[in-house]
Amino acid sequence: MASQEQLSAIKRAKVLMVGAGGIGCELLKTLALSGFQDIHIIDMDTIEVSNLNRQFLFRQSHVGQSKAKVARDAVLRFRPNISITPYHANVKESRFNVDFFKEFDVVLNGLDNLDARRHVNRLCLAADIPLVESGTTGFLGQVTVHLKGKTECYECQPKPAPKTYPVCTITSTPSKFVHCIVWAKDLLFAKLFGDKNQENDLNVRSSDTANSSEHSEDVFECRKDEDIERYGRRIYDHVFGHNIEVALSNEETWKNRNKPRPIYSKDVLPEEQTKENGNEEKGCAADDVSAMVSLSLKNPQDIWSLVENSRVFLEALRLFFLKREKDIGNLTFDKDDQLAVEFVTAAANIRASSFGIPLHSLFEAKGIAGNIVHAVATTNAIIAGLIVIEAIKVLQKDNNNYRMTYCLEHPSRKLLLMPVEPYEPNRSCYVCSETPLSLEVNTQRCKLRDFVEKIIKAKLGMNFPLIMQGASILYEVGEDLEEDMVVIYAANLEKALSELPSPVASGSVLTVEDLQQEFSCSINIKHREEFDEEKEPDGMLLSGWVEAPVDKDNNKPIGNDESTSNALPSMETLEGEKDDEIQETSEVVEAFSGKKRKLSEVSEVTAPDPSGPSSINQNKPEKLDIDDEDDELIISDDWESFTKKKKL
Amino acid sequence: MDGEELTEQETALYDRQIRVWGADAQRRLSKSHILVCGMKGTVAEFCKNIVLAGVGSVTLVDDRIVTDESLSANFLILPHENHYNGKTLAEVCCDSLKEFNHMVHVAVETGDISTFGVEFFEKFDAVIISCCSLGKKKLINQKCRKLSKRVAFYTVECRGSCGEMFVDLLDYKYSKKKLEETIECQIEYPSFEEAISVPWRALPRRVSKLYFAMRVIEQFEDVEGRNPGETTIADLPGVLKLRKELCETNVQY
């Protein structure tokens with residue numbers, strides 16, 4: 001039971017929750033039951049059916065409504081006298097500035113993407129407000145505590161970047177199913193149903209360039225008066241037949257690789273059969289259109305044969321043109337779009353078949369293509385409990401007792417929850433320690449625009465940057481800028497760095513700031529002529545910004561867009577130990593102050609971007625020092641905590 | 001519900017968790033029946049989780065009338081006069097739990113669980129009891145163990161910020177993946193009575209001191225005829241005295 005001190009600290013506290021999803025629902029409930037009386041909660045999402053297996057504050061009837069608002073209403077039903085303020089908004093909005101954050105005693109994150117977490121991290125640093133971070137994926141989870149100056153900030157330890165694949169692997173030499181998914185989703189689907197003006201790498205580059213008289217554009221367009229059946233087969237034959245033959249003509253590529261085989265629709269589905277396809281759609285609404293239903297394929301967990309996949313491919317394509325014509329030309333892949341998922345699954349499977357890669361079910365393909373994170377209620381409940389425990393310590397400024405806690409899938413040395421002392425801030429962290437970064441770039445070729453997009457926004461996570469050299473502002477974003485400045489900045493974007501009004505050259509130091517995040521850092525520029533197209537496709541190399549290693553050979557499906565955990569993976573390496581051996585439990589807790597404990601090779605699950613599928617970083621950690629102090633903690637001399645009759 | 005396959009509704013709702021434990025486990029869950037006795041904090045959490053997960057049914061036992069105090073740490077009870085006036089804990093929790101998942105059958109069973117015959121327990125795949133006396137725990141555990149079918153038995157007790165859970169899966173066979181192989185394993189679980197009868201001296205050194213503390217309180221409540229969880233600060237001298245006695249007894253050969 002909480003002590004009197006704890007109870008009054010809780011009662012007085014003003015708490016900000018960011019995220020009202022899996023962790024958020026559990027956390028709001030636990031905060032309310034623990035006696036917190038003033039809670040603010042930000043979430044931009046609306047409720048979906050797939051949330052309902054764990055976001056228990058929501059009901060079927062709430063689908064489509066604001067998570068923050070519905071969560072608040074649900075909790076008020078069992079704690080009517082507390083104050084919960086919901087914001088159906090993006091935490092990156094300008095109103096959630098440093099002054100807003102300063103109002104709170106602690107910030108609790110229950111987010112599902114790296115971008116927002118970094119943003120909140122910077123605001124908490126700027127406002128000097130403690131941050132309790134968390135994440136879950138399946139059975140894994142973790143809770144971490146961040147206090148400016150005392151512990152690492154969220155960005156002190158690099159978080160792995162989302163996994164991306166070399167273009168040629170996707171277009172020419174896939175070796176894994178995920179490569180086929182990326183091809184089907186980002187190339188074929190985009191080409192057929194997405195924005196026609198977008199660049200698309202779909203056509204294989206062959207050594208025989210001057211061959212075809214057809215422009216690639218024409219191939220994918222449905223011709224006037226062309227039968228949809230014909231069109232479908234034409235596309236099929238082009239991407240699975242013709243393109244493969246063209247790729248095969250380049251002998252070099254296949255010297256050390258298994259050759260793909262071209263597949264033509266007439267060999268898989270003799271003409272007559274497709275005409276028998278499909279139960280009539282019975283006038284179903286455009287949204288419900290499904291090739292699986294049409295073909296009576298009932299189970300999304302089944303792995304379809306090449307024939308079935310081909311049927312789905314043709315049928316899905318047909319249904320798009322017949323029932324969803326108006327969507328064509330502006331569709332992006334959406335994992336909740338059944339027909340899109342069916343099409344991508346089928347296309348990926350046919351390609352996989354061609355390359356000798358094992359086929360996958362729609363269920364599996366959807367997970368990969370949609371970057372779906374697997375999730376259960378219990379892990380979120382555990383993590384929420386741990387968040388509240390840490391939050392209470394924070395409110396009491398109980399500095400020696402903050403813990404980073406990792407929730408494992410399997411016990412390690414009989415422990416399922418692994419508490420670890422936080423580290424001191426990383427002195428090289430460019431976010432909290434103001435260490436300068438270095439950028440190698442060709443200052444004569446690189447435009448300011450590329451610098452802004454690829455470095456400032458993508459890598460450094462700034463949303464509204466201000467870029468200066470000395471006293472000269474090269475670029476800024478803002479609402480109250482003068483007209484002529486806006487013109488100058490727009491012009492600057494198109495200029496090479498060396499041609500800017502304040503020229504950038506080797507030795508230049510740029511200061512980059514995001515006023516909203518109140519985050520500033522300096523970048524030392526070094527000119528370099530050449531960059532490797534494959535390894536450094538951006539033509540820029542940023543250092544001092546440490547990126548965690550990405551495991552190239554990983555087969556496991558992904559991390560993602562949705563939810564994220566930076567938990568330690570299950571400790572398979574430790575299971576071989578003899579757990580029966582008795583460990584000395586009397587290790588005295590070292591005072592937190594000043595001691596940095598090294599966890600060797602902490603590995604983390606990726607929290608990637610929406611831009612592509614990603615993989616789990618599987619570096620296996622070496623032995624961890626188990627924090628055995630917990631036995632001591634439990635046996636407090638305070639028997640009152642045990643026996644006191646609970647009061648409301 | 002469809003014969004063997006998951007329905008479309010189930011697939012849509014359970015998508016994220018099927019990706020954790022697989023469709024087969026989900027199917028087995030949907031056919032399981034759980035008995036829960038003692039509707040307090042941890043058990044309320046458990047019920048929420050198991051209902052969300054999509055078990056076949058949950059049967060609640062708790063004839064205690066809802067009071068203001070029941071509201072603490074139990075979010076299944078809504079503090080409206082009309083909502084709980086005169087109702088039992090099981091009844092109120094049942095109403096709330098039904099809302100979490102319409103596909104789960106949630107029901108109430110009245111009466112003293114220790115008087116139910118062995119056949120009653122046979123209906124279930126798992127039994128969870130809380131807020132029960134030492135005697136009751138032993139008794140129900142024994143009844144479950146008498147059945148030819150395996151009925152998993154769990155007890156959970158929370159006191160302040162400490163808690164304890166006991167698990168009895170009887171003769172339990174499972175598979176374990178080690179690197180590339182799958183190993184068949186087996187554990188024989190002791191009964192609750194057997195487990196707590198192990199002399200303290202014989203226990204591994206790493207056993208949490210909380211285990212012993214729980215045994216002391218348990219004994220105290222048993223000897224003094226208290227309801228579980230009703231030991232107060234005023235009892236401290238008595239509890240400490242008992243602790244001393246138990247330590248001395250258990251340290252001897």
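Which residues touch the most other members of the largest nonpolar core? Of its 86 residues, these are Leu28(A), Leu31(A), Phe36(A), Leu57(A), Leu108(A), Met39(B) and Leu60(B). A nonpolar core is here a set of buried Ala, Val, Leu, Ile, Met, Phe, Trp, Tyr and Cys residues joined through side-chain atoms within 4.5 Å. Buried denotes under 20% relative accessible area, exposed over 50%, and partly exposed in between (1.4 Å probe, protein chains only).

This is a predicted model, in which local features need pLDDT of at least 70 and side-chain atom pairs count only at pLDDT 80 or more, while totals for chains, interfaces and linings use all residues. Residues are numbered from 1 along each chain as its sequence is written, chains are lettered from A and ligands numbered from 1 in the order in which they are written, and side-chain values use heavy atoms, with hydrogens and water left out.

**Nonpolar cores**

Of the largest core, helix α16 (residues 377-395) of chain A supplies the largest share, 10 residues. Helices (H or I, at least four residues) and strands (E, at least two) are DSSP runs, numbered from the N terminus. A second, separate core holds 63 residues, including Phe177(A), Cys180(A), Met292(A) and Ala352(A). Leu108(A) has contacts (heavy atoms within 4.5 Å) with partners that include Val15(A), Leu31(A), Val132(A), Ile387(A) and Ala391(A), residues up to four places away in sequence not being counted.

**Salt bridges**

Side chains of opposite charge can pair when their charged atoms come close. Over all chains, the structure holds 45 salt bridges, each defined as a side-chain nitrogen of Lys or Arg within 4 Å of a carboxyl oxygen of Asp or Glu. Three of them are listed below.

| Pair | Closest N and O atoms |
|---|---|
| Arg77(A) and Glu99(B) | 3.8 Å |
| Glu155(A) and Arg122(A) | 3.0 Å |
| Glu164(B) and Arg215(B) | 2.8 Å |

The pair of Arg77(A) and Glu99(B) joins two chains, because Arg77(A) lies in helix α3 (residues 67-78) of chain A and Glu99(B) in helix α4 (residues 89-100) of chain B. Arg77(A) is partly exposed at 40% relative accessible area, and Glu99(B) is partly exposed at 33%.

Glu155(A), in the loop between β6 (140-146) and α6 (167-171) of chain A, is 33 residues apart from Arg122(A) in helix α5 (residues 114-127). Both Glu155(A) and Arg122(A) are buried.

In chain B, Glu164(B) of strand β6 (residues 162-168) and Arg215(B) of helix α8 (residues 209-224) are 51 residues apart. Glu164(B) is partly exposed at 21%, whereas Arg215(B) is buried at 5%. Through shared salt-bridge partners, Glu164(B) and Arg215(B) belong to one network with Lys137(B), Glu157(B) and Glu218(B).
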